[in-house]
Amino acid sequence: MTTEAATNVADGDAYVGVQAGTVHGGINYYTLPPDPTPEQQFEAGVKYLDARVRDEAVRLLERAAAGGLQTTEMQFYRLIALLSGRTLRQLGDGELDRLTAICRSLPPLDANEPWAAGVQAVLRLLTPVSPAEAEFVIKEIDALGDRQRESVYGHLEALLDGTIQDEMWQRSVALAVSRRTSDGRVNRVWKFFQPVPAQPRTREVPPAAVTVRNWLQFGIAAAFAAFSVASLVALAMATGRLGPIAGALVGVGGLAAYGVGGADRHYRSARMHAKEAQLRPPTQRRPEAPTGGFASRVDRMFNHYFARYVPRGTDRGYWLDQTAGIRRQLRDELVEIYREQRIGADRVAWLVRHLVGDVRNRWERDTLTAHRQELRLPVRTRTLHLGGLVLLTGGGVLAMAGSITLDPLYAIVWLLLAVASAVPAKRAGFRIIAERRRVADDDAERVLRDQAQWAAYRKWQAKLADSPSDAEMAAWLEHDRKVLVDQAMRQFQLHPSQVIAHAFIEAPGRACKRARYPRGPWRYSRYQLLLFLLTQDGVRQVDIELDFELATSRITQRLNYRFDAVAAVRIEGVAGQQQTFKLTLFNGDPVSVQVSVPDGETDPHEDDPTKITELSQDASGLSHTLHVLEGIAAEGKQWVRHRRRRADEKLASLASAIRDVSD
């Protein structure tokens, strides 16, 4: 036997880069009503069993049985939950007593009852099987319905000793290999870690910034201007000469043309300035958003996706410099819209991607600055503006030349009053017209943005529609674990019958994503696994990095050590907070891995953080692994012998109960 120095497989910063978890709210897959019926407890127990949360499954199934539910299907799942993943000699005294009690309480099995064959198959596995009978038992299991057969192979592969255990194990591994990437796993797993997307929202268009003062200024000034112009026209008419009369009429027409063209020119200039301001890099540094807050995370997302979505043929640095202004404008708008909605930033990540992708597409189509073409002064506007100014000037001169000869004082007074009132009337009028046009154009743009965002939202929803269920995630992980155990046994040249027990320490890997159902265990996109194989000669330990999304794994370390080399095993930390598993060897560095982190996403009104930690550790098999390793640390190799002796005494009583049922 060789002993290699153990090293830390995860240190104090093992969780750097772990993304904030997603809790799929609104899914009541595991949630029970306040006073559940036995049937509801049974259904929840089966769901937890499918999720490999074995202890919780046993608790719920036993409560359902105590409530009076005693169907054959119920008894089948009680047996599966109690025996799942362990040999008979790994069961504690209390578990063996419960198993015996279940067997004694079984009624005579009706061959016509669909679940009776499943119960009978489990009972056959609980009794000693000779090599000659092994093939018959396997055929009996293969003849079961799909649900029962997969439950037996998926949970009871380690139940027996000897030849039949090897055969059961190979059948179980073959099933795991065939199902490991089934149902589009590689294309679907990532969707489980995506939060429910927040519905799109667009900022309301600010109303026209026209005050009462603007309207009063325009109304009073326009009234004085109109009265003054009318007085000048009347004075020109009074001359009776064609020149002043024609000049007055031409001047009035020029004034109207100048007003129409000038208003359009003013609006186009103001809107061009506003559009260009959105593109210009910010001149002032914005105060940093609080770290970890909604705005800060949105900042990081915009920076990330703008750096990632670089247009074809464009230098990244140039792209980021040129889009700094629009990046800030989009970020500020999104933060303003969603900040008070009390949603996680990850729920708007789809919208950030859509907005950044839209900017990139417009850049590639050369339409990011399309407003420059759209807001260029048309010939009509130039003609009206400049032509109106010429006509106003020329007509005014002709009209004034005749009017002054008739009444110089009145002509000059009305001219000065007309000019003095026309200037503020023009300013106020142009502002009012520009604001009303701005609101109309902004509304039209908002409708288009809203339609585009809703289309992107529905497309993203459709993409996430086949997100795997928690039961599928659990099944895939169990298949991974089974395949990894088989690979480890092959590397160590061990047969399943030579392995007394195997156990996992399961922890989130670096830079992983995590998600869960309400009252369900955490699932991770990457795992750090410690696999322990217990044999007569000692412990084989394998450290594995599992990329759950890609269904790939990598062994990072292999260790061999005797039972008496284990000095101590413990979990440091409080449930619901950061917890660390530590295995100390007499002749090596401690093996340390963080198995849980603070559950910052848990709503205390819906989920108890301590309960979620317990469910997650139950699903990972941590309690079972601790029990095995603590026994080894306390008693060494004698633990195996004592465990077998105590179990054999209980198994005699169990065999008697099974014979009574079979008879």
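This passage describes the two largest pockets of a predicted model.

The largest pocket has a volume of about 1,400 Å³. Its lining comprises 44 residues, and those nearest the centre are Arg 271, Lys 275, Gln 278, Glu 445 and Arg 449. Two or more lining residues come from each of helix 11 (242–279), helix 14 (324–338), helix 15 (349–364), helix 16 (370–374) and helix 18 (408–464). Helix 18 gives the largest share of the lining of this pocket, with 11 residues. Sorted by class, 20 of the residues lining the largest pocket are nonpolar, eight are polar and 16 are charged.

For the second largest pocket, the computed volume is about 1,000 Å³. This pocket is lined by 30 residues, of which Gln 194, Tyr 305, Ala 349, Trp 350 and Arg 353 lie closest to its centre. At least two residues of the lining are supplied by each of helix 12 (294–308), helix 15 and helix 18. The largest share of the lining of the second largest pocket belongs to helix 15, which provides seven residues. The class composition of this lining is 13 nonpolar, seven polar and 10 charged residues.

Helix 15 and helix 18 each give two or more residues to the lining of the largest pocket, and each also supplies at least two residues to that of the second largest pocket. The largest share comes from helix 18 in the largest pocket and from helix 15 in the second largest pocket.

Methods: Residues are numbered from 1 along each chain as its sequence is written. This is a predicted model: local features need pLDDT of at least 70, side-chain atom pairs count only at pLDDT 80 or more; totals for chains, interfaces and linings use all residues. Side-chain values use heavy atoms; hydrogens and water are left out. On a 1 Å grid over the protein atoms alone, a cavity is a set of points where a 1.4 Å probe fits but cannot get out, and a pocket is an open set with protein on both sides within 12 Å along at least five of seven lines; lining residues have an atom within 4 Å of a point. Grid points are joined across faces, edges and corners, and a volume is the space filled by probe spheres set on the points. Helices (H or I, at least four residues) and strands (E, at least two) are DSSP runs, numbered from the N terminus. Ala, Val, Leu, Ile, Met, Phe, Trp, Tyr, Cys and Pro count as nonpolar, Asp, Glu, Lys and Arg as charged, and the others, Gly among them, as polar.
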